[in-house]
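The report below goes through one model, beginning with confidence and fold and ending with the charged pairs and the surface. Please read it with the sequence and the coordinates at hand.

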Amino acid sequence: MVKGEVYSLYDTVEMKKSHPCGRKNKLFQIVRLGADVKIRCLACGRTIMMDRDHFDSSVRKKVASNEVLLKIEGQ
């Protein structure tokens, strides 16, 4: 668990466990943030919805931040 980490929309995170799609992928993209968090597997494209506490305890680290994408959408 990464304490004090601030997540934003479309950030790429590495989870502790891989997605059971069979590709041994641990990378997910954040699609929705709030009390619930929705993440998308970068290998198969399926989405998973979990509560914020479970997400915070399951994430290992933030791999990439997509602040540039959010600035482009805001224009």
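pLDDT is the predictor's confidence in each residue, on a scale from 0 to 100. The model discussed here is predicted, and its chain averages a pLDDT of 86, with 83% of the residues scoring at least 70. Confidence is highest in strand S3 (residues 36-41), at a mean of 96, and lowest in helix H2 (residues 67-74), where the mean is 55. Where pLDDT is low, the predicted coordinates should not be read in detail.

**Fold and overall figures**

The chain contains 2 helices and 5 strands, and from the N terminus on these elements follow the order β-β-β-β-α-β-α. Of its 75 residues, 24% count as buried. Among the contacts between residues at least 6 apart in sequence, 41% join residues that are at least 24 apart. The accessible surface of the chain comes to about 5,000 Å², and carbon and sulfur atoms account for 49% of that area.

**The nonpolar core**

Which residues make up the largest nonpolar core? This core has 11 residues in all, namely Tyr7, Val13, Met15, Phe28, Ile30, Val37, Ile39, Cys41, Met50, Phe55 and Val59. Strands S1, S2 and S3 each supply at least two residues of this core, and S3 gives the most to it, with 3 residues. In soluble globular proteins, nonpolar side chains tend to be buried together.

Met15 offers a view of the surroundings of one core member: leaving out residues up to four places away in sequence, Met15 touches Phe28, Ile39, Met50, Phe55 and Val59, and also Lys26, Ser58 and Arg60.

**The loop between S1 and S2**

Two polar residues deserve attention here. His19 is placed in the loop between S1 and S2, and it counts as buried because its relative accessible area is 11%, the cut-off for that class being under 20%. Beyond residues up to four places away in sequence, His19 touches Asn25, Phe28, Cys41, Cys44, Arg46 and Ile48.

Asn25 lies in the loop between S1 and strand S2 (27-32) and is likewise buried, with a relative accessible area of 14%. Apart from its neighbours within four places in sequence, Asn25 is in contact with Ser18, His19, Cys41, Leu42 and Ala43. Cys41 thus appears among the contacts of Asn25 as well as among those of His19.

**Salt bridges**

The structure holds 5 salt bridges, and the table gives three of the pairs, with the distance between nitrogen and oxygen.

| Pair | N to O distance |
|---|---|
| Asp11 and Lys62 | 3.5 Å |
| Glu14 and Lys61 | 3.8 Å |
| Asp56 and Arg52 | 3.7 Å |

In the salt bridge between the side chains of Asp11 and Lys62, Asp11 lies in the segment before strand S1 (12-15) and Lys62 in strand S5 (residues 59-64), so this pair ties together parts that are 51 residues apart in sequence. Asp11 is buried, with a relative accessible area of 0%, whereas Lys62 counts as partly exposed at 25% relative accessibility.

For the salt bridge of Glu14 with Lys61, the partners lie in strand S1 and strand S5 respectively, so the pair ties together parts that are 47 residues apart in sequence. Glu14 is buried, at a relative accessible area of 16%, while Lys61, at 43% relative accessibility, counts as partly exposed.

Asp56 and Arg52, by contrast, both lie in helix H1 (residues 52-58), where they are 4 residues apart, about one turn of the helix. Both members of this pair count as partly exposed, Asp56 at 23% relative accessibility and Arg52 at 26%. Elsewhere, salt bridges that share partners join Glu5, Asp11 and Lys62 into one network.

**A nonpolar patch on the surface**

Where on the chain is Leu42 found? Leu42 is in the loop between S3 and strand S4 (47-51), and at 44% relative accessibility it counts as partly exposed. Together with Leu27 and Val63, Leu42 forms a nonpolar patch on the surface, the accessible area of the three coming to about 230 Å². Leu42 is also one of the residues in contact with the buried Asn25.

Technical notes. Residues numbered from 1 in each chain as written. Predicted model: local features only at pLDDT ≥ 70, side-chain atom pairs only at ≥ 80, totals over all residues. Heavy atoms only, no water. Salt bridge = Lys/Arg side-chain N within 4 Å of Asp/Glu carboxyl O. Buried < 20%, exposed > 50% of the residue type's maximum accessible area, 1.4 Å probe, protein only. Contact = heavy atoms within 4.5 Å. Areas by Shrake-Rupley, 256 points an atom, 1.4 Å probe, with all protein chains shown as cover. Patch = residues over 30% accessible without salt bridge, like charges linked within 9 Å, V, L, I, M, F, W, Y side chains within 5 Å. Core = buried A, V, L, I, M, F, W, Y, C linked by side-chain atoms within 4.5 Å.
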